[in-house]
Amino acid sequence: MENTSAPTHCPYCALQCGMTLTPLPQGGVEVTERPDFPVNRGALCGKGRTAAQVLSPAVRLTAPLVREGGTLVEAGWPEALDRIAERLGAARERYGADALGVFGGGGLTNEKAYALGKFARVVLGTSQIDYNGRFCMSSAAAAGTKAFGLDRGLPFPLEDIPRTGCVILVGSNLAETMPPALRFFTELRENGGTLIVVDPRRTRTADQADLHLAPRPGTDLALALGLLHLVVAEGRTDEEYIRERTTGWAEARAAAMAHWPEYVERITGVPVPQLREAVRMFCAPRAAMVLTARGPEQQSKGTDTVGAWINLCLATGRAGRPLSGYGCLTGQGNGQGGREHGQKADQLPGYRKLDDPEARRHVAGVWGVDPDALPGPGRSAYELLDALGTDVRTLLLMGSNPVVSAPRAAHIEERLRSLDFLAVADVVLSETAELADVVLPVAQWAEETGTTTSLEGRVLLRRRAVAPPPGVRTDLYVLHELAARLGVEKGFPTDPEEVFGELRRASAGGPADYSGITYRRLAEENGVFWPCPADPPTAGTAGTAGTAPTAGTAPTAGTAGTASTAGTASTAPDAGPGAEPVPGPGAHPGSPRLFLERFATPDGRARFVPVVHRAAAEEPDEEYPLVLTTGRVVAQYQSGAQTRRVAELNAAAPGPFVELHPRLAARLGAADGDPVAVVSRRGRAVAPARVTATIRPDTVFMPFHWPGEGRANTLTNPALDPTSGMPEFKSCAVRLEVLGPRARPGDALA
C-alpha cells in the first residue's frame, strides 16, 4: 500500500470536490478536506466524507465471476476474459458487428470513456454504443449546441455566480444533490443578488430562494415562454444585443407571444403575479444567469425546454457577457467529459460528430485505421437497451446500473435477461451485474490515476492513493486484454497518461480541444478549462484570453475574447484560496469563460430557436389522475450501487418513500408511514408515504436510488426527446393505492 497522501477529487457528482486521501497504517483510507481547491474550499458532503468506505474489500468485488449452471462463481482473470472474447467474437461472426452492444457510464474517467469508444468502433466494429449520461445532460447539450454552437455545462466558473445580479435555478435541488455548491448561491444573496428557484417541490434549495415558482411537472417549457412573453410585452428586451450578437429573433419572438400570462398560469399553475415578479427580478440587475438541471431536461421535450430558457437569456442580453449566461448543472462525476470523447452513439473524441467526414479522417488518422472502416451513428441509450436480445445479442457494460436507473426499468431488466451474453465490469455486484454471464472486478477512483471534467469544463487530475485489492484490475487493463484476444494487439495501453496523450491528439482541433492539457499542468494548476489547444491563442480571434470580470463591473459586450482566463495568480480579481498559477510562456491558458467575444457558430452569433409549448407525453386522466416526478436525496447517489453499501448513508436514507401533499393524503386516507402503491401504465412500486406540504397536491415524488418493489423507475415513461434521446423521467401519470397500516422500519428496504 502507498503511504503518502494524495490530493484528488470526490468520485461522486460533477462538482468533483477536492479532497486528500491518506492510507492508514492499520488499513483503510482517511478522507480529509482540501481547502486549496476553489470549487468546494474543503467542504465535503456526507457522500464525499464516506467515499473511502466503498474501497473496503468487504463491500466490493475482488475476483472475476462467471456463470455456471445459473450461478455466478469465482474464476481467474484469463478464464473470464477468454469467455468474454469468445462470446463477442462468436456473436459478431454469426450476426454481424452491430449485434454487439457497448454501454458506458458518466462516472468513467476521460481515459476510460475514450478507450471504450475506440474499442467499440475499432475492435468490435459496432455502431451500438451509448452511455448512461444520455439520461442526464443530453437535452441541455443539444440545446446549447443549437444556440451557441458548443456544449459545455457551465460557460463560466462557479465563482462567477455570487457576483451576478440574479440567478434563475430551474429544476435543481443542489442543496441535496451537490451540497457544497449551495454556498455560491448563499454568497449571491449576501452580495445583494436574488435567487429564483423553479421546482414543483419546496426543496431545501427552494427554501433559500427569494422567489419560488412551483409549476406542475412537465410544464417548464410553457413557463419559460410565458416569461419571455412578459419580457417582450414590458419592453425589457436588449435590442442592440439582439441585433449585433444573435439571429432568429423574429421567429422566436412570434412563438413566445402566443404564450400570454393567463394561458401560462392555466398550464403551469404559477400565478401571473409571480410570473411578473420573476421577470422584474431577472431583468433589474445588469447581469443575470439561468441554470438548469434534470427537472426541465429529463422530459420528452427537454431540448425545446432548455432552448426556451436560453431564448430568455438571449432576448435580455444575458449570454456571452461577463457574469451572465445560460448554464447546465451537469450531474454525474464525469458527465461533462464523458460526453466529449466518444462513448456516445453519434460522437468521436473532442466532441466531434461521427457523421462528419473531416472528423472521421482526423480521428482515424490518430487511431491508424481507414476512416471508411469506422461505423456510423448508432442507437441512443434507451433505444439500445430496448433492442437487447433482438437486434443486439451481446452487451459489454461498464460503470452503469440500468436495472435501477433506466426508465421502464422492469422492461429493461427483461431485455437484459434476454441477451445471449452479458459482461459487466464494475466495482460492486450491482443489480445489473447480478444478471451477467461474466462480472469483472475493476479498480475505483482512489486506486488509479485518471482525469475527469467537472461541470465547469475544468479538466482535473484524480491521483492514485492506494493499490487495488489483489484480484482487481483496471478498466483500461480489461480493454487492453479483450482487444488483444480479439486480434488488435496495439492501441490500447493500460497506462492512463499514455491514453490521455492519445486523447489529446484525437481531440486536437475539435470543439472540446484538450491538446494543450497535460498531467503536469493539471497537477500544477488545479485543473485546466477546455478548450485548451496546444497552440497559444492569437489576439482578437476566437479563443483569445482576457481577464476575469471584476465584481461590480458593468457586463458590456466586446470586453474579452471567446475564452477568458482568471488572470494571473498575482493579479486575478478576488484571488483567494485555490487561485490557480499561470501556465508557462506561450502555452494556451485554458478557457474558464466562453463566448465573451463571439459564439462558437460559423458567424459568431447565437441562435434563437423558436419553440412552443406542448404537453407531456403522458398527461393525467381518470385512471391515472396524478403526476409522478423523481429525483435524488442527499445521502444517496444515482442508482445507489455504491452509497447503499455505506452504513452512515443508509442510516440517513434507508429506503424509498412516496412524498405526497396532506390534502391528497387525507383524500386517500393515508397517514405518514403507511405503505403506498404508486401505479403507472408500466408497473407498480411500493414505499412508505411521506406526507408533506412542500409538494403540489397534484404531484407525488419518489427518489430513484433503490431496486426491488420500491424502484421508482419501474414507473417512469421512456418517451424520448426527438433530438436528444432523453427519456421523460420527470413526468408520468400515476395513481396511488393505500395498502394498510404503517409499515415497520425496514419493511420497504431493498
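**Exercise 1.** Find which residues form one aromatic cluster with F148.

*Solution.* Start with the rule: rings of Phe, Tyr and Trp (its six-membered ring) pair if their centres lie within 6.5 Å. The cluster joins F148 to F595 and F599. By this rule, the count comes to 13 aromatic pairs.

A word on the model: it is predicted, so local features need pLDDT of at least 70 and side-chain atom pairs pLDDT 80 or more, while totals for chains, interfaces and linings use all residues. Residues are numbered from 1 along each chain as its sequence is written, and side-chain values use heavy atoms, leaving out hydrogens and water.

**Exercise 2.** Classify the pair formed by Y114 and W367.

*Solution.* First recall the classes: planes under 30 degrees apart are stacked, over 60 edge-to-face, and the rest tilted. Next, take the values for Y114 and W367: 6.3 Å centre to centre and 65 degrees between the planes. The pair is therefore edge-to-face. Finally, check burial: Y114 and W367 are both buried (under 20% relative accessible area, with a 1.4 Å probe and protein chains only).

**Exercise 3.** Now classify the pair of F657 and F701.

*Solution.* The ring centres are 6.3 Å apart and the planes meet at 45 degrees, so F657 and F701 make a tilted pair. Both F657 and F701 are buried.

**Exercise 4.** Work out which ring R183 lies over, and which ring R473 lies over.

*Solution.* The test asks for NZ of Lys or CZ of Arg within 6 Å of the ring centre and within 35 degrees of the ring normal. R183 sits over the face of F184, 4.0 Å from the ring centre. R473 sits over the face of Y477, at 5.9 Å.

Key
Buried means under 20% relative accessible area, exposed over 50%, partly exposed in between (1.4 Å probe, protein chains only).
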